[in-house]
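Please open the model in a viewer and keep the sequence panel visible beside it. This tour proposes a series of selections and describes what may be found at each of them.

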Amino acid sequence: MKRQLVAAAVTTFVLAACADSRSVSSPEDGLDALAFSRVPGNTGVLTANGWYEEEEIYYIVGGIEEGVSRRGLNEIYFIGGDRAFQANVVLFIPGERGYSPHWNVNVVHTAYGVTVQDIIDAGLASERFGDEPVLFDDAEDVLTAVDMGLLVLEQPGIVVLCPIISEEGAEAPGNTQLPEDEFRYGFDVNAGF
């Protein structure tokens with residue numbers, strides 16, 4: 001019960017921490033993909049796209065792991081919240097030391113007074129930004145922006161199970177893929193997130 005309350009509070013925090021204090025209608029709002037995976041009648045698995053070193057990746061949305069607050073070295077970065085502004089960014093992929101399908105959640109926000117334009121001016125925005133809703137497509141850029149004081153990481157103590165699969169696996173019959181270009185909020189270059 002305590003874990004459920006913490007997860008609900010953290011999920012609410014994910015959206016409440018956004019600069020414009022958006023309203024949350026339910027605890028699952030901050031983790032839409034995770035909530036969707038529990039829809040009755042959903043066949044196959046829910047899959048999503050993400051980013052790793054400027055390449056698009058795909059993974060199974062397995063949900064929040066109960067009873068753990070951190071596991072291994074693999075990190076996932078929610079830019080402003082889970083798929084709130086763009087697809088999530090991961091630190092490791094299969095074949096790399098540190099990869100695990102168990103990802104420690106990091107919610108990424110701009111530091112106080114920092115705008116998206118500041119990130120662009122620092123040369124840390126993806127080359128895709130402007131054409132696609134992708135501000136970050138590499139975890140190293142996220143971490144560099146943190147080191148520069150442009151971003152802050154919130155670590156809510158949530159681990160999600162999300163094994164990386166091929167694009168073909170993500171799009172296999174029976175699986176449900178989250179839309180790759182529909183996110184709750186758009187980036188405003190003159191504001192933070």
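The tour begins with the whole chain and then moves through strands, aromatic rings and charged side chains.

**The whole chain**

Display the entire chain as a cartoon, bearing in mind that this is a predicted model. The protein chain contains 5 helices and 9 strands. Read from the N terminus, the elements follow the order α-α-β-β-β-β-β-α-α-β-β-β-α-β. Of the 193 residues in the protein chain, 46% are buried. With a surface display switched on, the accessible surface amounts to about 9200 Å², and carbon and sulfur atoms contribute 51% of that area. Among the contacts with a separation of 6 or more, 75% join residues that are 24 or more positions apart.

**First selection: residues 46-60**

Select strand S1, residues 46-52, together with strand S2, residues 55-60. In which sense do S1 and S2 pair? Their pairing is antiparallel and extends over 6 bridges. For one rung of this ladder, show Trp51 and Glu56, since these two residues are bridge partners, with Glu56 lying in S2. S1 and S2 make a hairpin with 2 residues between them. In the turn, Glu53 has a positive phi of about 40°.

Now add strand S8, residues 164-165, to the selection. S8 also pairs with S2, in the antiparallel sense and over 2 bridges. Here Tyr58 is found opposite Ile165 of S8.

**Second selection: strand S3 and its partners**

Move on to S3, which covers residues 75-79. How many of the residues of S3 are buried? The count is 5 of 5, and the strand is mostly covered. Side chains leave S3 in two directions: Glu75, Tyr77 and Ile79 point one way, whereas Ile76 and Phe78 point the other way.

Bring in strand S5, residues 102-110, which pairs with S3 in the parallel sense over 5 bridges. Then bring in S4, residues 88-90. S4 pairs with S3 in the antiparallel sense, over 2 bridges. Centre the view on Ile76, which has Val105 of S5 opposite and also Val90 of S4 opposite.

**Third selection: the aromatic cluster**

Show the side chains of Phe85, Phe129, Tyr185, Phe187 and Phe193, which form one aromatic cluster. The structure as a whole has 6 aromatic pairs. One of them joins Phe85 and Phe187: the ring centres are 5.1 Å apart, the planes differ by 25°, and the pair is stacked. This pair links distant parts of the chain, 102 residues apart. Phe85 belongs to the loop between S3 and S4, and Phe187 to the segment after strand S9 (176-177). Both Phe85 and Phe187 are buried.

Next, compare the rings of Phe85 and Phe193. Their centres are 5.6 Å apart and their planes stand at 50°, so this pair is tilted. Phe85 and Phe193 are 108 residues apart, and Phe193 too is in the segment after S9. Are these two residues buried or exposed? Phe85 counts as buried because its relative accessibility is 3%. Phe193 is likewise buried, with a relative accessible area of 3%.

**Fourth selection: charged side chains**

Side chains of opposite charge can pair when their charged atoms come close. The whole structure contains 4 salt bridges.

Select Glu65 and Arg71, whose side chains form a salt bridge with an N to O distance of 3.0 Å. Glu65 is buried at a relative accessible area of 10%, while Arg71 is partly exposed at 32%.

Then select Arg70 and Glu75, where the salt bridge has an N to O distance of 2.5 Å. Arg70 is partly exposed, its relative accessible area being 48%. Glu75, already met in S3, counts as buried because its relative accessibility is 6%.

Finally, select Arg128 and Asp137, which form a salt bridge of 2.7 Å, N to O. Arg128 is partly exposed, with a relative accessible area of 24%, and Asp137 counts as buried at 3% relative accessibility. Add Glu132 to this view: Arg128, Glu132 and Asp137 are linked in a network of salt bridges.

Methods
Residues are numbered from 1 along each chain as its sequence is written. This is a predicted model: local features need pLDDT of at least 70, side-chain atom pairs count only at pLDDT 80 or more; totals for chains, interfaces and linings use all residues. Side-chain values use heavy atoms; hydrogens and water are left out. Two strands pair if DSSP finds at least two bridges between them. Helices (H or I, at least four residues) and strands (E, at least two) are DSSP runs, numbered from the N terminus. Buried means under 20% relative accessible area, exposed over 50%, partly exposed in between (1.4 Å probe, protein chains only). Contact means heavy atoms within 4.5 Å. Accessible areas come from the Shrake-Rupley method with a 1.4 Å probe; for residues, only the protein chains shown count as cover. Rings of Phe, Tyr and Trp (its six-membered ring) pair if their centres lie within 6.5 Å; planes under 30 degrees apart count as stacked, over 60 as edge-to-face and the rest as tilted.
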